Structure formats: C-alpha cells, structure tokens
Amino acid sequence: SRLPENTRRVLNEAINRIDELKPNTIPQPEKIRWLSVLDGQIKSKIIDTHEGGENIKFNGYDNNSLETELLVPFPYDELYVHYLESKIDYANGEMTRYNISATNYNASYSDFETWYHKTHKTKSVKFKYW
C-alpha cells in the first residue's frame, strides 16, 4: 500500500525496517541516537531556514520516542533507512558497503532538501548595517 504524500514514518518503523533489511547487532538506543542527531541537523539546516520552521518542534528522540513521527515525510523518508544502513556499515568497518550506503543516503538527503526548498518559502534575511 502506498502512503499518501506528507505521511510521516514513526521512529520505530525506521528502526524495524533497517533491522529487517540488514540484520545487525547495533543496540536500539544507538539507532535512536543516530536518528535524533540526523533530525536535529535536518531541523537546523533545512527546516529552520524556511518560513514556518519555528512551528515545528524538535527536542531529540529517546527510548520513549518510538511512536514519534520523524521529520521527513513520504516519499523522502527512505533517507532514514539509508542513513541507518550507512551508520551500521561504518560501525562494522565495512568500508566498501559504507561507501555505497553513504552514497544512497546522500542522494536521498539531496532529493529531500531539493523538494523542501521548492515547496517551502525561504526566510528573508535581514542585514544590519552599522
């Protein structure tokens, strides 16, 4: 079944998806921390630079956040799976796999960033002259 545009995946779904696709021994709290860092960067580097960004609240994720919606909507939310895959590959020292998964993540991130810039008005910048 196809998710409607702007439907958001919850944290636990991203973790379960990577665990099904790429069995691993990375503890769940570490994956939660990785996703928290990623969404913190997305919030500050992309969302907060556009109008309405201040209306989206983000304080990070923890073990109590498993049903919390992630910031990136469908169909761009695969970037979470690619990100977790790259972090797992790196943690396991699998550099060839890491290079591939990081490339997939970077492409997904870029696709999301491009879409966000096209669909959200950039905040106007005010310059101060002394």
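**Close-up views of a predicted model**

**View A. A buried lysine in a salt bridge.** Lys31, at 3% relative accessibility, counts as buried. Please keep in mind, here and in every view below, that this is a predicted model. Which residue does the side chain of Lys31 meet in a salt bridge? The partner is Asp19, with 2.6 Å from N to O. Lys31 belongs to helix 2 and Asp19 to helix 1, so this pair ties together parts that lie 12 residues apart in sequence. Is Asp19 buried or partly exposed? Asp19 is partly exposed, with a relative accessible area of 29%. With a cut-off of under 20% for buried residues, Lys31 falls on the buried side at 3%, whereas Asp19 does not at 29%.

**View B. The whole chain, for orientation.** The protein contains 4 helices and 2 strands, and reading along the sequence gives the pattern β-α-α-β-α-α. Along its principal axes, the C-alpha trace spans about 55 × 30 × 30 Å. There are 130 residues in the protein, of which 37% count as buried. Take the contacts with a separation of 6 or more: 73% of them are between residues 24 or more positions apart.

**View C. The largest nonpolar core.** In soluble globular proteins, nonpolar side chains tend to be buried together. In this model, the largest nonpolar core has 28 residues, and the ones with the most contacts inside it are Leu35, Ile42, Tyr61, Leu79, Tyr80 and Phe112. Two or more core residues come from each of helix 1 (11–21), helix 2 (28–45), strand 2 (69–73), helix 3 (78–91) and helix 4 (95–119). Which element gives the largest share of this core? That is helix 3, with 6 residues.

**View D. The surroundings of Leu79.** Leu79 is among the residues with the most contacts inside the largest nonpolar core. What does Leu79 touch, once its neighbours within four places in sequence are left aside? The contacts are Leu38, Ile42, Val72, Tyr105, Ser108, Tyr109 and Phe112. Two names in that list, Ile42 and Phe112, also appear among the core residues with the most contacts.

**View E. Glu78 and Arg17, with their network.** The structure holds 10 salt bridges. One of them joins Glu78 and Arg17, whose closest N and O atoms are 2.4 Å apart. This pair links distant parts of the chain, with Glu78 in helix 3 and Arg17 in helix 1, 61 residues apart. Both ends are partly exposed: Glu78 has a relative accessible area of 25%, and Arg17 has 29%. Which residues make up the network of salt bridges that includes this pair? Arg9, Arg17, Asp77 and Glu78 are linked in it.

**View F. Lys43 and Asp48.** The side chains of Lys43 and Asp48 also meet in a salt bridge, at 2.3 Å from N to O. Lys43 is buried, with a relative accessible area of 10%, while Asp48 counts as partly exposed at 28% relative accessibility.

**View G. The largest pocket.** The volume of the largest pocket is about 170 Å³. It is lined by 15 residues, and those closest to its centre are Arg8, Ile56, Leu71, Tyr116 and His120. Strand 2 and helix 4 each supply at least two residues of the lining, and the largest share, 4 residues, comes from strand 2. How does the lining divide by class? There are 8 nonpolar, 4 polar and 3 charged residues.

**View H. A cis peptide bond before Pro75.** Most residues other than glycine have a negative phi, and most peptide bonds are trans. Is the bond from Phe74 to Pro75 cis or trans? That bond is cis, with omega near 5°. Pro75 sits in the loop between strand 2 and helix 3.

**View I. Met95 in helix 4.** Met95 is in helix 4 and is partly exposed, with a relative accessible area of 37%. Apart from neighbours within four places in sequence, Met95 is in contact with Asp89 and Tyr90. If you would like a distance to check in your viewer, try the C-alpha atoms of Met95 and Thr114: they are 28 Å apart, for a separation of 19 residues along the chain.

Technical notes
Residues are numbered from 1 along each chain as its sequence is written. This is a predicted model: local features need pLDDT of at least 70, side-chain atom pairs count only at pLDDT 80 or more; totals for chains, interfaces and linings use all residues. Side-chain values use heavy atoms; hydrogens and water are left out. A nonpolar core is a set of buried Ala, Val, Leu, Ile, Met, Phe, Trp, Tyr and Cys residues joined through side-chain atoms within 4.5 Å. Buried means under 20% relative accessible area, exposed over 50%, partly exposed in between (1.4 Å probe, protein chains only). Contact means heavy atoms within 4.5 Å. A salt bridge is a side-chain nitrogen of Lys or Arg within 4 Å of a carboxyl oxygen of Asp or Glu. On a 1 Å grid over the protein atoms alone, a cavity is a set of points where a 1.4 Å probe fits but cannot get out, and a pocket is an open set with protein on both sides within 12 Å along at least five of seven lines; lining residues have an atom within 4 Å of a point. Grid points are joined across faces, edges and corners, and a volume is the space filled by probe spheres set on the points. Ala, Val, Leu, Ile, Met, Phe, Trp, Tyr, Cys and Pro count as nonpolar, Asp, Glu, Lys and Arg as charged, and the others, Gly among them, as polar.
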